[in-house]
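Please look through the sequence and the structure that follow, and then read the paragraphs below, which move from one helix to its surroundings and on to a small part of the fold.

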Amino acid sequence: MLDRISFDPCGVHRQPPGHVQSVTLPGVSTVVDAGHDLRLHLSLFPESTMFALTLFGPPNAALDDRSLLFPTVRSRALLAYLALHPQQPQFRDALAELLWAGGPGAENRSNLRTALSRLRRTLKDVEQPLVRADRDTITFIGPAGIVDVLRFRSLLRACANHAHRSELDCQTCLERMQEAVALPAGPLLAGLHLAGNPLFEEWLLAEREQCQQQVLSALQTLVKIYQQRQDHAQVVTYARQQLALAPWREETHLALMRAYLLNGERHRALQHYATMTD
Ligand SMILES: [Zn+2]
């Protein structure tokens, strides 16, 4: 029996003896027989096949650090939308309506076919299959590890599901949260607009807001953790990151000034107070 498992910060989930597990890491493919006679096969993909999809900030698909060129904004939007619904088949009719709102149905479906074909051409040098399509649906099937937002969500989900007594005392979740808040390079799909597509714009706004709230919540937890540890320099780091996203949060301004004072940086606390009262 072949079970596919993904690598996540929780570690590899164990299967009963006799099961065969396959583990996928960026650039590494491993098959492990978890039975009594352990077999291990390890193959390394050539460096040139490393693919990454960045959806925080301006969306970008890169192969071996080289950005791939998308012929149209809609083929880029199609890949982003599919990747944000991994392993979930998306109906072609719904995708066509989302990306070409307002036009006749048959024309939208034809546009979608063209966009999918262009997307496949753009991704032709990527070794692992990313998109599977049948008559009715299209699905993103790429590994979560190659998409920054999926990695971000996986880290936070692992914290939420971790069996710790309190997240404020859990070193494992501290490290996960630090990695998660370092990932966003900007708002989700920054600069991506489909003019005249209210459905797509509404969806994007909601997703962007949800990501922002998740980042702010993780940063707030990090501030609390480091306040508890009396590591004032780290409180400063994460409070500043929080204020860059939500400058209206008064409690964060107070936390930042308090951390400056406790860190012996009275002048910075006063400087910050001055910027607030300008
Ligand atoms: Zn934990």
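Against which helices do the buried residues of α6 pack? In this predicted model, the buried residues of α6 pack against α1 (73-83), α2 (92-99), α4, α5, α7 (232-245) and α8 (250-262). The residues of α6 that count as buried are Phe200, Leu204, Cys211, Val215, Ala218, Leu219, Leu222, Val223, Ile225 and Tyr226. Helix α6 itself has 31 residues, and the distance from its first C-alpha to its last is 45 Å, close to the 45 Å expected at 1.5 Å a residue. Just after α6, Gln230 adopts a positive phi of about 55°.

One of the partners of α6, helix α4, covers residues 148-161, and its 14 residues reach 20 Å from the first C-alpha to the last, close to the 20 Å expected at 1.5 Å a residue. Asp148, Val149, Leu150, Phe152, Leu155, Leu156 and Cys159 are buried in α4, and the buried residues of this helix pack against β5 (51-54), α5 (171-182) and α6 (198-228). As background to such patterns, an α-helix has 3.6 residues a turn, so residues three or four places apart point the same way.

The pairing of α4 with α5 can be described further. Their axes come within 9 Å and cross at roughly 155°; an angle over 145 degrees counts as roughly antiparallel, and α4 and α5 are therefore roughly antiparallel to each other. The crossing of α4 and α5 is left-handed, and the contact is made by Phe152, Leu155, Leu156, Ala158 and Cys159 on the α4 side and by Cys173, Arg176, Met177, Glu179 and Ala180 on the α5 side.

Turning from helices to strands, an open sheet of three strands runs in the order β8-β10-β9, with antiparallel pairing. Because β8 (90-91) and β9 (131-133) stand at the edges of this sheet with a single partner strand each, one side of each is left without a neighbour in the sheet. Between β9 and β10 (residues 137-140), the antiparallel pairing extends over three bridges, and Phe140 in β10 is the bridge partner of Val131.

Taken as a whole, the protein has nine helices and ten strands, and 26% of its 278 residues count as buried. Among its contacts between residues at least 6 apart in sequence, 50% join residues at least 24 apart.

Key. Residues numbered from 1 in each chain as written. Predicted model: local features only at pLDDT ≥ 70, side-chain atom pairs only at ≥ 80, totals over all residues. Helix = DSSP H or I, 4+ residues; strand = E, 2+ residues; numbered from the N terminus. Expected span 1.5 Å × (residues − 1). Buried ≥ 20, exposed ≤ 12 C-beta atoms within 10 Å, placed from the backbone. Contact = placed C-beta atoms within 7 Å. Pairing = 2+ DSSP bridges. Axes fitted to C-alpha atoms, helices over the stretch in contact; angles between N-to-C directions. Parallel < 35°, antiparallel > 145°, perpendicular 65-115°, else oblique. Left-handed = near helix turned anticlockwise from the far one by under 90°.
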